[in-house]
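Trainee: I should like to go through the reasoning behind several structural labels. May we take them one at a time?

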Amino acid sequence: MATMIIQGERTKAASGKTYEVSNPATGEVVDEVPAGGPADVDKAAQAAHKAFATWSKLPANQRREILHKAAQHMLEKVEEIATILTKEQGKTLLESRLEARRFGENIAWFADLADKIHGQHVKLPDTTTYGLVVRKPIGVCGAIVPWNFPLTLAANKVAPAIAAGNTVVLKPASTTPLSTLACIEALIEGGLPEGVINVVLGPATGEAIVEHPLIRKIALTGSTPTGKRVMAKAAEQLKKITLELGGSDPCIVLDDADLEGAARAIGVGRFFNCGQQCLSTKRLYVQEGVYDELMEKLIARASKLKPGNGLDKDTRMGPMHTETQRAEVEAQIKDAVDRGAKVTYGGGRPKGAEYDKGWFIEPTILENVPDGARMWTEEVFGPALPVRKIRDLDEGLRLANDTQYGLGSSIWTGNMKSAYRAVQELEAGYTWVNALVIAHDELPFGGTKQSGFGKEHGVEAFLQYTEEKSVVYGGIG
Ligand code: NAD
């Protein structure tokens, strides 16, 4: 049975309650896990608070070295961790390996910033004094993570937090705790002091983290409704928050685009991780002149995505993560079809005995999806893509921005002016121009509108795990 990681202990829940984690491809139980609650979060917060006293005072270059060593050790276990991730999440082994590797790389990337926190020296009108602006870590930070990219999204929070000298109480999604535990164990084995990252498990621990008075900052990745609840709760104690929430990323393809590149990016953008991505191509707007040719290319790509158990070598798309998640996407497809949309590819469940016990779904492409259909107005968190023909860039930009979300966006065009306009006018935290939808360590990532606020990745994320303090030194004149 798995246990929580709280300081030096590997603990069961205070209540003694447990739950099972099951494999989305087979329905088999992968492991039994403690169902933690407020008492466990309290223990973890106290442990993180205690660890903060020493971790935050370590010379920054020592923190950097510890994190590099720990990340290196974790990276040696990628294969083992990837298998656990596939079993609990469903994604293919290839996807799991990439994700596990990204966890270690992210820790290493932020480790390099640990000793590069700079303040300012400021001249003051009274020349017998001078001012300083110093940056300090915040304290104990709460990290709340969803199930679609359990490791990447945990690292996005934990890595900048601990590099800046904070300590963490981390809550993985209830259905994907095991690979996260394996990553944190590997960091500890690799030299990360106990107590710097504490892991609590179970659905009830999220709210308890937001409510705990010792936890000073909350970073949540999750759905927009969860973000609103967390923000309201966090407001009661005026906690700092970062919210990475839902998205419905548009992609515009113009007549002068590199269609091969566009088809590849859209295929990856919509079908990677069985479409369960925040950054993704969720609405496609294609200019009339290249519409038919692009559709042909997209169908060809979708037809190569053989669904199956992520552990099988020939699988190109794993199952959806849960039955509920699949039902949601199927309802969105049905809504579009009921309103008159045409299913151009897929649209159902793959057939065969090997698919009977898992939450499999076909990669799906829909055309003529009418205005007002759920696929346009809601986030589609699965491998189904609505496509619409547009006359020109004006129409594309109008439709692209007609959403409450503002996470990612992309445009494919050979025309610099069109690209520039899209960059200026697309209402999103990220715009890819003729490029694969991938979040880079070097660039700040985060949404606008109802996709949230605050940044992960980049120096910007690191600074958000520090606080500025002004200092006046007198008596020098
Ligand atoms: P979710 O909102 O249901 O849960 C996310 C996490 O929050 C889980 O760990 C959950 O236990 C916890 N949680 C739920 N209610 C809580 C509360 N009241 N207080 C504190 N914690 C609470 O999301 P999900 O279904 O796990 O993930 C899918 C969603 O996440 C999608 O909307 C997706 O777009 C979004 N997402 C966003 C990003 C991004 O970077 N913007 C990345 C990945 C996923």
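Mentor: Let us begin with a definition: angles under 35 degrees count as roughly parallel, over 145 as roughly antiparallel, 65 to 115 as roughly perpendicular, and the rest as oblique. Please bear in mind that the model is predicted.

Trainee: Why are α9 and α10 called oblique to each other?

Mentor: The axes of α9 (259–271) and of helix α10 (residues 291–303) cross at roughly 45° and come within 9 Å. An angle of roughly 45° falls in none of the named ranges, and therefore the two helices α9 and α10 are oblique. The crossing of α9 and α10 is right-handed.

Trainee: Which residues make this contact?

Mentor: From α9 the contributors are L259, A262, A263, I266, G267 and F271, and from α10 they are E293, L294, K297, L298, R301 and A302. By class, eight of the residues in the contact of α9 with α10 are nonpolar, one is polar and three are charged.

Trainee: What makes C274 a buried residue?

Mentor: The cut-off for buried is 20 or more other C-beta atoms within 10 Å. C274 has 31 such atoms within 10 Å, and C274 is therefore buried. C274 lies in the loop between α9 and β13. Although C274 is not a glycine, its phi is positive, at about 55°.

Trainee: Why does N368 count as partly exposed?

Mentor: A residue is exposed if 12 or fewer other C-beta atoms lie within 10 Å, buried at 20 or more, and partly exposed in between. N368 has 15 C-beta neighbours inside 10 Å, so N368 counts as partly exposed. N368 sits in the loop between β15 and α12 (374–377). N368 also has a positive phi, of about 50°, and is not a glycine.

Trainee: How do you know that β13 and β16 pair?

Mentor: Pairing requires at least two bridges between the strands. Strand β13 (residues 283–287) and β16 have four bridges, in the parallel sense, and so meet that requirement. Q287 stands opposite I390 in β16.

Trainee: What joins β15 to β16?

Mentor: Strand β15 (residues 364–367) is joined to β16 by four bridges, and the two strands run parallel. At T364, the bridge partner in β16 is A384.

Trainee: What makes β16 mostly covered?

Mentor: Of the seven residues in strand β16 (residues 384–390), six are buried, and on that count the strand is described as mostly covered.

Methods: Residues numbered from 1 in each chain as written. Predicted model: local features only at pLDDT ≥ 70, side-chain atom pairs only at ≥ 80, totals over all residues. Axes fitted to C-alpha atoms, helices over the stretch in contact; angles between N-to-C directions. Left-handed = near helix turned anticlockwise from the far one by under 90°. Contact = placed C-beta atoms within 7 Å. Nonpolar A, V, L, I, M, F, W, Y, C, P; charged D, E, K, R; others polar.
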